[in-house]
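Q: Hey, can you walk me through this protein? I'm new to reading structures, so keep it simple.

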Amino acid sequence: MVNLSFQKICHDDKLFYGLLAPNEVFEDYKYLLKVSDACNWVGDTKAAVPQSTRIRLVHHILLNTYLDNGEDLKELLKNNVFETFFCLHERKVQKELRKKWARWSGLFVRQPMRDVKCYFGEKVALYYLWLGWYTMLLVPAALLGLVVFLYGLAFFHSNPLIKEVCDSDIIMCPRCDKRCTVWHLSDTCTYAKVSHLFDNEGTVAFAMLMAIWATLFLELWKRHRAVYVSKWKVYDWCEEEEELIMDIVNDQDCKPKHYRHSYFRSTLVLVLVTLM
């Protein structure tokens with residue numbers, strides 16, 4: 001277990017505990033990410049750890065810490081020792097995101113993905129990146145569907161199939177064996193007209209174009225996503241590897257040994273290999 005520092009805060013007759021992890025935890029986390037083969041992290045180990053990463057680390061430590069009697073945080077919550085646990089918002093950053101992002105006029109500008117990533121983390125940022133990309137590419141698909149709908153509306157009264165149904169005097173068989181009477185085909189006139197708006201001659205072309213749209217959407221999304229995951233240095237990120245790293249960081253008996261290059265050792269190895 002990591003020794004977390006805490007601060008008691010009393011507010012509205014309730015007692016809050018603010019937790020803070022030591023800097024050594026984040027330094028070990030960055031170093032283990034750098035030497036990991038699966039996470040493919042190439043960031044600067046001297047750079048500051050983002051707030052989202054700090055919250056994720058502390059959250060992992062809290063959920064994987066056990067008392068002497070074997071109880072963890074979830075059992076303490078069930079026993080009403082604590083009411084809940086949560087992370088605090090940064091008021092200043094939250095206001096900036098509300099001005100840039102969480103507003104109706106933000107529909108017509110690009111999302112501030114860098115700010116979203118720094119505040120919520122890469123996983124949440126990638127979700128909103130996909131949502132924005134999906135919404136943007138739905139616009140041409142929606143316009144195409146509108147054209148098909150207007151085509152059906154233009155031939156609403158002149159379509160021969162609708163005229164055949166509405167002007168028909170054909171008597172249809174009962175729909176069931178008992179208590180059902182015969183009915184006229186012209187009774188389905190309204191249904192035929194409404195169906196023609198969405199199922200007409202242009203629907204076949206629309207279905208073919210939507211199949212092409214789905215393929216293009218997927219391939220273009222892969223390219224769009226690759227730009228951001230490469231920029232954020234999370235390409236080929238492995239969540240299982242990161243969870244293992246956080247378990248190592250949370251274990252006080254396990255200290256990562258930093259590699260130090262030795263020129264003497266390298267020279268000795270080269271000499272021995274040459275002699276052999």
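Q: Okay, K222 and E219 are both in helix 9, so what separates them, in helical turns?
A: About one helical turn, because K222 and E219 are three residues apart in helix 9. Keep in mind that this is a predicted model.

Q: And what do the side chains of K222 and E219 do?
A: They meet in a salt bridge, 3.8 Å from N to O.

Q: Are those two buried or exposed?
A: In between. K222 counts as partly exposed, with a relative accessible area of 45%, and E219 is also partly exposed, at 40%.

Q: How many salt bridges are there?
A: The count comes to three. Another one joins D115 and K100, whose closest N and O atoms are 3.0 Å apart. D115 sits in helix 5 and K100 in helix 4, so this pair ties together parts that are 15 residues apart in sequence.

Q: How open to the surface are D115 and K100?
A: D115 is partly exposed at 24% relative accessibility, and K100 is partly exposed at 41%.

Q: What about E83, which residue does its side chain meet?
A: K14, in a salt bridge of 3.6 Å from N to O. E83 is in the loop between helix 3 and helix 4 while K14 is in strand 2, so the bridge links parts that are 69 residues apart in sequence. E83 counts as exposed at 67% relative accessibility, whereas K14 is partly exposed at 43%.

Q: Switching topic: what's in the largest nonpolar core?
A: That core has 18 residues, and M113, L129 and W232 have the most contacts inside it. Helix 5, helix 6 and helix 9 each supply at least two of its residues. The largest share, six residues, comes from helix 6.

Q: Why would nonpolar residues sit together like that?
A: As a general trend, nonpolar side chains tend to be buried together in soluble globular proteins.

Q: Which nonpolar residues make a patch on the surface, then?
A: F6, L15, Y17, L19, V81 and F82 make a nonpolar surface patch of about 560 Å². Strand 2 gives the most to this patch, with three residues.

Q: Where's F82?
A: F82 is in the loop between helix 3 and helix 4. At 35% relative accessibility, F82 counts as partly exposed.

Q: And charged patches, which residues form the positive one?
A: R91, K95, R98 and K99 form a positive surface patch. R91 belongs to helix 4, which covers residues 91-100, and R91 is exposed, with a relative accessible area of 64%.

Q: Which residues gather in the negative patch?
A: E240, E243, D247 and D251. D247 is in helix 10, residues 239-250, and counts as partly exposed at 33% relative accessibility.

Q: What's up with the phi of D13?
A: D13 has a positive phi of about 60° even though it is not a glycine. D13 sits in the loop between strand 1 and strand 2 and is exposed, with a relative accessible area of 86%.

Q: And what phi does N80 have?
A: A positive one too, about 65°, and N80 is not a glycine either. N80 is in the loop between helix 3 and helix 4, and it counts as exposed at 67% relative accessibility.

Q: Last one: how far apart are Q7 and G202?
A: They are 195 residues apart in sequence and 67 Å apart in space, C-alpha to C-alpha. Q7 is found in strand 1 and is exposed, with a relative accessible area of 54%.

Methods:
Residues numbered from 1 in each chain as written. Predicted model: local features only at pLDDT ≥ 70, side-chain atom pairs only at ≥ 80, totals over all residues. Heavy atoms only, no water. Patch = residues over 30% accessible without salt bridge, like charges linked within 9 Å, V, L, I, M, F, W, Y side chains within 5 Å. Areas by Shrake-Rupley, 256 points an atom, 1.4 Å probe, with all protein chains shown as cover. Salt bridge = Lys/Arg side-chain N within 4 Å of Asp/Glu carboxyl O. Lys, Arg positive; Asp, Glu negative; His and termini not counted. Charge placed at Lys NZ, Arg CZ, Asp CG, Glu CD. Helix = DSSP H or I, 4+ residues; strand = E, 2+ residues; numbered from the N terminus. Buried < 20%, exposed > 50% of the residue type's maximum accessible area, 1.4 Å probe, protein only. Core = buried A, V, L, I, M, F, W, Y, C linked by side-chain atoms within 4.5 Å.
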